Amino acid sequence: MSVSIGGYTLLLISILCSLSTTSKAQSTTTVQVVLSVPPQNQFKTEHMWRVTLTNLSQESIPIVLEGVATTSEHGLIVRARTSQFNLPPGTRVMSAAMLQPIQIQQSSVFHEEVVKRTGNVPTGNYEICVSAIDARSNSVVGRGCVQATTVQLTRIQLLQPSNNANILVGARRARSSAPTDENGSKRVRSILESIGEVIGEQHTTSQHAKEQDSSNSAHPAETLKTDIISGTTTRRRTNAYRQQVQSEAIPYTAGTITFSWLPPAPAPAGARITYTLKLVEMVGRQSGYDALRSNPSLIEMRGLTNTVVVLPIAARRLEVGKSYAWSVEVYLNNVLMQNSEVYELSLRNSGQNTELGRCCGKPPPCECPPDQVAPLFPSAYSSLSLGIPIATTSNYQNQLFQNPNAPNVPTFALTGNSTIEYQNSNRIGSFSTTPRSFATANLNPGVNVFGLPFSANVLLSTLQDSSRQSMNMFSFNFDFNAMREGLANRLKRSIEQELIEYRTKAEAEISRSYPKLDDPNQLRSMTESEISEMQAEKQGKIDHLVERNAEVTYNVNSLSNPNDLASNLRKHAEISGAESFFLGIRSMGIGTNYPSYSSYILSGLPVTGLNAEVDQGLLYAAFTALTNQRPLDNLSYGRQLYAGRVGVGRLEGTHVILTGMYVNDDQTSISSVSNDPLLTPQQNAAFGVDVSVNLFDNVLTFQGEANASVLTRDTRDPELETNAIPTALARVIRPRISSQVDYVYAGKLVFNNPASRTLASAEYKMVGPGYASLGVPFLRTDIQGFEIFLNQSLFNDVLQLGGFVKQYSDNLISWKTATTTMTNLGVTLALSLPDLPFLQASYMPTTQSNDDTLALRQLNTDLNVYSIATGYTMHVDSWSFTTSLSVNGQQTINSNGLNDFSSTNYLLSEHISFDFPLQVGINYGIVETQSSVGYRIINSMEVNASYPVASFLLANAGLNVAAERGQNDRLGLFATASLVLTEALSLNMRAEKTAYNDMTIIGNNYDEFIFSASITSRW
């Protein structure tokens, strides 16, 4: 049965299901009224829908309930009456469905809007009274009242490390005067440089080609489509705005990464706000959100009062080559209020790479393209990432697509890789919930059928726990990336062959075009000006050929853009009809996948079932379904998700795409439900439109998105009839009393000009306070503001300048006591001169303030983040010395003088390579912190050395020392061995011994031993 009521019914039902376990009984009380208790500091309509009535008489009484809510700030909020019902003798627990329909007699328009959009009531102090009225005499026969306080806070904002940060570890090399061509085109460059003659064509100069070639780095979001023979060049850029993720100049030694965020506001006067920082390792294909809900915490720090936190040296260190996810929980007086968004970070080696056995088919030392070498030394924390790198599914291209014209693509081929890791320790790590021993297997078998690659991904781990979501997963997918990379490799080989043929043709043509320059007798008959003119003409054509072909070679990987790859293959190589068709299938698989539709509807969520995405040019479509969350008694309901997209145009081009998602919890999926009022079966429907328009040959791109969402916080509630939701949609989502409706819109303008090496964007967005998508958990809502970004490269990328401005404010419907505004600025500089020290510097000040009229609730926060790094590589004979120095700092100042914190990190790194295959790394770091508890300083040092004992064995050993003056210290020793067992099998082992001494807490010392091993195979 549905309820024909307005938005204010939501608040009324909350009144009828009030917040207290006590009632004010009168002397004439015939009916006792007891109201239930909702979560502390929160009051949503679905929290308390039950009122317990006890009829003390011996006869049934016709009862009408009347509820009145008032606040000290606004007076009367609402007065309403229920329908009449019969109350027999004894006790009866009433539900909202039993009380309908409800008649609103008087209400506040302001509060009604807040309840409709958010399901909450504004911050304030409330008195809620429910009276039981005898319908026969219209007299009050029972009454209960309660006082309650609600608090609405702005959402917490994570700051550092920024999302998707790559944290460099160890000494960083300066820019070389002869950089390695990461595109693998050194052989083609030598061909071009050896060309001495050119076909007689009109000479033109391409300054952009010179910049592209000399800079050795492609502009983001740029591709080039070039016709080699005709010499015409058309620039094409993808419309998708890809902001470069800069590697952060954060020193990492002894676990000294610093995390920071902005506090929620405005907090009630005298309230105690604390935080819990959680960090987990991302395993296999997991997203950050999936890892946080499925994996044990590597680091979990509770009861934090500062918004800047340095990882303690007692915690286990993060490992190079691995990725992590982190988030922060906010507690108000020990009650969980909110969760932050999820940020991801990765640790990677800064450039000193060594590979054993299969390094370009030679024993070390040798030169390999960087993407073929595993991150290794000088960090002492490489552990399981040592030795041969784990293969990726792109290894298909090594066995398939070898022939440029692909006449003999194998009908059936098997390939793949696997890694099995094991770790055992004598204790559980400090600040960690990870078990002492565990094993994880990551298996990636693949099969190729008529040139079409398919891969399976299997993750199995003993870390799986019944109290968390599943870590174990399986998927079988069409490998779009492997196919694209393989076909791009075929295209590259074909282009290289064309360049060789072009050189041969040019050499033959030159002998016919300029015979006089090779004949001394004819030279004597010419004047000096004629000779100079002919030589200049010849040299001009040579320069033109070299420039044009260098541009082709340099951008050969850009030709693999899926929008143009098929046409380029048809022009320069061959592509079968099946390959051309499957290039339009961006994903297709079963099992667990991570579809990414929109940052406001669906992104980073695991979905186990079906997943497909097709981009055939004119038509774009995507679909994903089925299971998103497994049922866990007392923890979570089973959840199913269905989402789809359909549109006109290409995803990375001009398009109009409609997106829809439906999520529903199964009420019957769990048998045991805790008393947690926040654990309820939910339902969510979100839909929207995504528009992208590329103008002026994609130099200017407009992207816009608008979405609406309906969230039902408890599907067991009575249905609601409302004109706010279209009838057709209401039949699908069946809105209920606990439903909330809100929307989001965003627009971005991107200017991307490769000729000037300029990338700029401006974005404006509004996320409504009640907007919620279960496909993007913990999305920051109730914000409105803009972001402006600029990145400019100068002097062939020798100098790069960047800057941004962000400003957002909340309290869009005035449901908090104040409006909080956050302003974030940033400037960056990178200077990289060949054979000179590099320089990187950044400064990011952030301010957060609110306009609360009560001084005790006003909190202005200033957070300043700065970093500077420099380094230089010096060669002495066959030795090389790489030195880098970085300084990073974060400082938080609050207007109330509480929880101020500052942290400064210094790191000096040295990496030495000898003429024999020995590498030594030394890192020395200092971390200084200043807070209300006083001044602290951590000194740390790492020393390690690696040596290939044999062509099949690489050994690494070292020590790390850390000491916090007067607090604690730690000494660690480690040894690793990487063995190549066969061409397809390698074994990595590591043993680490750590002694930790705590001078402040008795019994907190530990002596830890960790052994880990991994077996990597590829076939």
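## The disulfide

Which hand does the link of cysteine 129 and cysteine 145 have about its S-S bond? In this predicted model, the link of cysteine 129 and cysteine 145 is right-handed, with 120 degrees about the S-S bond. The two residues connect distant parts of the chain, since cysteine 129 belongs to strand S9, which covers residues 124-134, while cysteine 145 belongs to strand S10, which covers residues 139-150, and the two cysteines stand 16 residues apart.

The sulfur atoms of cysteine 129 and cysteine 145 are 2.1 Å apart, and a disulfide is counted where a pair of cysteine sulfur atoms lies within 2.5 Å, a rule by which the count for the structure comes to 1 disulfide. Cysteine 129 has a relative accessible area of 7% and is therefore buried, because buried means under 20% relative accessible area. Cysteine 145, with a relative accessible area of 5%, is buried as well.

## The cavities

Rolling a probe the size of a water molecule over the atoms shows where empty space is left. The structure holds 6 cavities of 30 Å³ or more, and the largest cavity has a volume of about 80 Å³.

The lining of the largest cavity draws on residues with widely spread numbers, including Thr154, Gln157, Leu262, Arg780, Tyr808, Asp810, Met822 and Gln848. Two elements give two or more residues to this lining, namely strand S40 (799-809) and strand S41 (820-831), and S41 gives the most, with 3 residues. When the residues of the lining are sorted by character, they divide into 4 nonpolar, 6 polar and 2 charged.

## A buried glutamate

Glutamate 329 lies in strand S20, which runs over residues 323-332. The relative accessibility of glutamate 329 is 10%, so this residue counts as buried, given that the cut-off for buried is under 20% relative accessible area.

What does the side chain of glutamate 329 make with the side chain of lysine 278? The two side chains make a polar contact, at 3.3 Å. Once the neighbours within four places in sequence are left aside, glutamate 329 is in contact with Thr274, Tyr275, Thr276 and Lys278, and also with Leu336, Gln338 and Asn339. Lysine 278 thus appears both as the partner in the polar contact and among the residues in contact with glutamate 329.

Definitions and conventions: Residues numbered from 1 in each chain as written. Predicted model: local features only at pLDDT ≥ 70, side-chain atom pairs only at ≥ 80, totals over all residues. Heavy atoms only, no water. Helix = DSSP H or I, 4+ residues; strand = E, 2+ residues; numbered from the N terminus. Buried < 20%, exposed > 50% of the residue type's maximum accessible area, 1.4 Å probe, protein only. 1 Å grid on protein atoms, 1.4 Å probe; cavity = no way out; pocket = protein on both sides within 12 Å on 5 of 7 lines; lining within 4 Å. Points joined across faces, edges and corners; volume = space filled by probe spheres on them. Nonpolar A, V, L, I, M, F, W, Y, C, P; charged D, E, K, R; others polar. Polar contact = N/O pair within 3.5 Å; in protein donor to acceptor, adjacent residues only side chain to side chain. Contact = heavy atoms within 4.5 Å.
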